[in-house]
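Reader: I would like to learn how sheets, helix packing and buried residues are read from a model. Could you take me through them one at a time, with the general idea before the case?

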Amino acid sequence: MLPVTIEQIYHIYLQHFSIQTDTRKLQPNDIFFALKGGNFNGNEFAAKALEMGAAFAVVDEAAYYTQPDKMALVDNALETLQALALWHRKQLNIPFLAITGTNGKTTTKELVNAALSAGFKTYATVGNLNNHIGVPLTILAIKPDVEIAVIEMGANHQKEIAGYCKIALPTHGIITNIGKAHLEGFGGEEGVRIAKGELYDYLRDNNGTVFVCNDYPYLLEMSKGIPHMVTYGSKEADYTGTPAADKALLGVQVNNNNIGFIQTKLTGAYNFPNVMAAVAVASHFKVPAEKIGPAIAAYTPSNNRSQVMQQGTNTIIMDAYNANPSSMKAAIDNFLGIEAPKKVLMLGAMMELGTDSIKEHEALVEQLQRHHWEAVVLVGGDFKKVNHPYIYLDNSAEAAKWLQQQQFQDTHILIKGSRSTGMEKVLA
């Protein structure tokens, strides 16, 4: 029988609770959705998915609809996936916290998840599955016993966050900050503000609750009119704290609920708002205060985000998952404040900045030149097009060779760059 409605596909989903879009990751009894991309057509793999043990497959090309008892033929597999996620979301009467922003959204999501998990059965976006495919897959991974969901939402153009809100129906939200990223797609910094603000717009229209860092006046301005607001930051907020970041690892003194001092495993004062967001969210949902600090302290960053590692006598700050002008500036400012005898920066180029790219790379060079460094290595992209007194290398492989040749001792090394520069390979 051919399921033709979302309700019928949902009935099949309830028997398996596992969706897959990539046969390389397929597990027995998964439901396979044949999605399409620029270089692939998932319909071509539908029959193979069934051979590999998939319980069911959803295709959107009639030529691949070969097993009617185990397949559904739909108009558009992606839209069906999103509609199925919305249907599932409507069955879940639990808080849904959406997190977006220019910088720190994945780290904030992980910290919030850690803090909430000390008191609730929580499910959060895995990795950074925060796009038009990742958001519905995240929702469809939420099982009936989950008590709170944390959904990360990324975006590189306007109306994207608004679209995700129509699927996730968030009850609560956080915008970590607004900065310079994906300027090409957003049409400038004001476009970024409008796009990220779509989360606030949804919460405002749907009686939502927002967690706002009031160290950023623009977020307070943007959030006006939202029915319920919880603030956090360094002063005059519902939840306040003070960062201690003169060493490689960030510590936070929290002033509320007798939480006290939290020694994190994160680097950078720029992570202070992310820690305070987790404190505010967990406190709001009444996680026992004595559990919040230890849960945040136990979180270990991964995937090249705010990681601190030792190599011999050297301290490596690996923050190479991505970079944009605002996160680069914050990372360099933080690195400057760390007490260390020798400091080396290895910075990959910033991408997706459109016509602002040269200007932003020049501004970064000007920031670097205001201070003394043991060495600065600039890698790839538009760093090649700007004047600077530093070492320039074409790619991360060359940077890795350079670093091996230096044999640094007792040195702090900051490694950061946009995803496509692959700066994590510097340590390979």
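**Buried threonines, packed helices and two sheets**

Author: Let us start with burial: at 10% relative accessibility, T102 counts as buried, because the cut-off for that class is under 20% relative accessible area. Please keep in mind throughout that this is a predicted model.

Reader: Where does T102 lie, and what does UniProt list at this position?

Author: T102 is placed in the loop between β7 (96-100) and α4 (105-117). An unreviewed UniProt entry lists G101, T102, N103, G104, K105, T106 and T107 under "binding site", and such annotations may be inferred rather than shown by experiment.

Reader: T107 is in that list as well; is T107 buried or exposed, and which residues does T107 touch?

Author: T107, which belongs to helix α4, is buried, since its relative accessible area is 7%. Leaving aside residues up to four places away in sequence, T107 touches L266, N271, N274 and R305.

Reader: R305 brings me to another record: what does UniProt list for residues 305-419, and how much helix and strand does the chain have there?

Author: The unreviewed entry gives residues 305-419 as "domain: Mur ligase C-terminal". Over that range the chain is 32% helix and 28% strand, and its end C-alpha atoms are 11 Å apart.

Reader: Turning to sheets, what is the general idea, and in which order do the strands of the four-stranded sheet come?

Author: Strands of a sheet pair through backbone hydrogen bonds, in either a parallel or an antiparallel sense. Here four strands form an open sheet in the order β1-β2-β5-β6, with parallel pairing. The edge strands, β1 (19-20) and β6 (71-73), each pair on one side only. Within this sheet, β2 (residues 31-33) and β5 (residues 56-59) run parallel and are joined by three bridges, with I31 standing opposite F56 in β5.

Reader: Which residues does T23 touch, and where is its place relative to β1 and β2?

Author: T23 sits in the loop between β1 and β2, and at 9% relative accessibility T23 counts as buried. Its contacts, not counting residues up to four places away in sequence, are F32, F45, K48, A49 and M52.

Reader: How should I describe the angle between two helices, and at roughly what angle do α1 and α3 cross?

Author: One compares the directions of the two axes, and angles of 65 to 115 degrees count as roughly perpendicular. The axes of helix α1 (residues 6-14) and α3 come within 10 Å and cross at roughly 70 degrees, so α1 and α3 are roughly perpendicular to each other. In this packing, I6, E7, I9, Y10 and Y13 of α1 meet T80, A83, L84, W87, H88 and Q91 of α3. By class, the contact of α1 with α3 has seven nonpolar, three polar and one charged residues.

Reader: What is the order of the sheet with nine strands, and which strands stand at its edges?

Author: This open sheet has the order β8-β9-β7-β10-β11-β12-β13-β14-β15, and its pairing is mixed. β8 (122-124) and β15 (260-267) stand at the edges, each with a single partner strand, so one side of each has no neighbour in the sheet. From one strand to the next, the twist averages 20 degrees. At one edge, β8 pairs with β9 (residues 148-152) in the parallel sense over three bridges, and Y123 stands opposite A149 in β9.

Key: Residues numbered from 1 in each chain as written. Predicted model: local features only at pLDDT ≥ 70, side-chain atom pairs only at ≥ 80, totals over all residues. Heavy atoms only, no water. Pairing = 2+ DSSP bridges. Buried < 20%, exposed > 50% of the residue type's maximum accessible area, 1.4 Å probe, protein only. Contact = heavy atoms within 4.5 Å. Axes fitted to C-alpha atoms, helices over the stretch in contact; angles between N-to-C directions. Parallel < 35°, antiparallel > 145°, perpendicular 65-115°, else oblique. Nonpolar A, V, L, I, M, F, W, Y, C, P; charged D, E, K, R; others polar.
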